[in-house]
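This report introduces the structure shown below, beginning with its charges and overall form and then turning to a single residue.

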Amino acid sequence: MNYGLSIRQEGALDFLSLGALIHRLDPGIIPFRKATECQIQVSGGEFNVAANLADCFRLQTGIATAMVDYPVGDLIAERVKAMGVKPFYKRFDHDGVTGPNMATVYSDRGAGVRAPVVFYNRSNEAAARLMPGDFNWNAIFGAGVRWFHSGGIFAALSATTSEVIIEGMQAAKAAGAVVSFDLNFREKLWKVFGGGDRAVSVIDRIVKNVDVLVGNEEDLQKGLGIPGPEVAAKSKLDPSAFFGMIDRVVQKHPQVKIVATTLREVHSTNRHSWGAVAWINGQTHVSPTCELDVIDRVGGGDGFAAGLFYGVLSGEPAGEAIKLGWAHGALLTTFPGDTTMATVEQVRAFAKGGSARIQR
């Protein structure tokens, strides 16, 4: 399949992410203000993709990130190891009072007409302290890396994190890796570090190095500063508005070969219609749609990205790659937590139109 990408056939790592690790406190369907207990989920927009590719799709993956030497860091590091992701840590000591900290995300799951509520405590987060020179990219890429990935959440954490992303991407390009970026635009995060205008100028510098871009219409508008489409979407599953913006994206960033996103119509917290769409090297592709009975919606977009990237890395036809992303993202919403519990066999079966009949 001609994706317009030059993909290395081998390397010590199939995929390397750069981003922040977080722990998510999840009281399930109980609103946080009434919670008496929580599950602890380990997550991070960039890490999730590496974890999904390792655990479900059985690729060799890594994460370059900050790690704090205290019990919360130990808990997170154990989960990174359990998902089969090779860590490249910049380590920080914890002073026992002010940090630095591993960020906390608080997120209930909602139910029915009650939407999930997500809020953060990223105060003095170790990942926000990362700066150029903290990772030995020559050593990391010297062993061979096929794909390098980062995202807009990490880019928004401080004045230095975007510079680390650009440094990593330039090293990745020099080493022959495909480079991807998930816009993952988060208004709350960018507001602290310069707001929308700074976001556009920072992301513009990052995307100049990018081959594969993940982001919905809002991400493209707010992250890339591209005006909204003239064509109004008839529904959230109508791809015309997304495709209406692609020409402007490619005009601004002509080196980008793939732009992809999920399409989601939320009927209630636990009932979504689900689809995906991609522009790949000049061709448009739309996934099937399905109805989801959602247990936990967090991480579905990262699940889609992982399946899509797997399809591209495996040389699948473009239509099959987007179906693998769509299928894996759909399955991910049926598990608690932000990372996968699916197998590649389940993903392939669902992508082919498999059913929920019991497997005996």
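## Charges and surface

In this predicted model, the chain carries 36 positive and 36 negative side chains, and the centres of these two sets lie 2 Å apart. The accessible surface of the chain amounts to about 15000 Å², and carbon and sulfur atoms account for 51% of that area.

## Overall form

The chain is built from twelve helices and 14 strands, and its C-alpha trace extends over about 50 × 50 × 45 Å along the principal axes. A compact globule of 360 residues would have a radius of gyration near 21 Å, and the 19 Å found for the chain agrees with that.

Of the 360 residues in the chain, 55% are buried. When the contacts with a separation of 6 or more are considered, 72% of them join residues that are 24 or more positions apart.

## A residue in a loop

Where along the chain is Asn209 placed? Asn209 sits in the loop that runs between helix H7 (195-207) and strand E10 (212-214). Because its relative accessible area is 14%, which is under the 20% cut-off, Asn209 counts as buried.

The side chain of Asn209 reaches the backbone oxygen of Arg205 at 3.2 Å. Leaving aside residues up to four places away in sequence, Asn209 also touches Ile166, Met169, Gln170, Lys173, Val179 and Gln255.

Technical notes. Residues numbered from 1 in each chain as written. Predicted model: local features only at pLDDT ≥ 70, side-chain atom pairs only at ≥ 80, totals over all residues. Heavy atoms only, no water. Helix = DSSP H or I, 4+ residues; strand = E, 2+ residues; numbered from the N terminus. Rg over C-alpha atoms; globule rule 2.2 N^0.38 Å. Buried < 20%, exposed > 50% of the residue type's maximum accessible area, 1.4 Å probe, protein only. Contact = heavy atoms within 4.5 Å. Areas by Shrake-Rupley, 256 points an atom, 1.4 Å probe, with all protein chains shown as cover. Lys, Arg positive; Asp, Glu negative; His and termini not counted. Charge placed at Lys NZ, Arg CZ, Asp CG, Glu CD. Polar contact = N/O pair within 3.5 Å; in protein donor to acceptor, adjacent residues only side chain to side chain.
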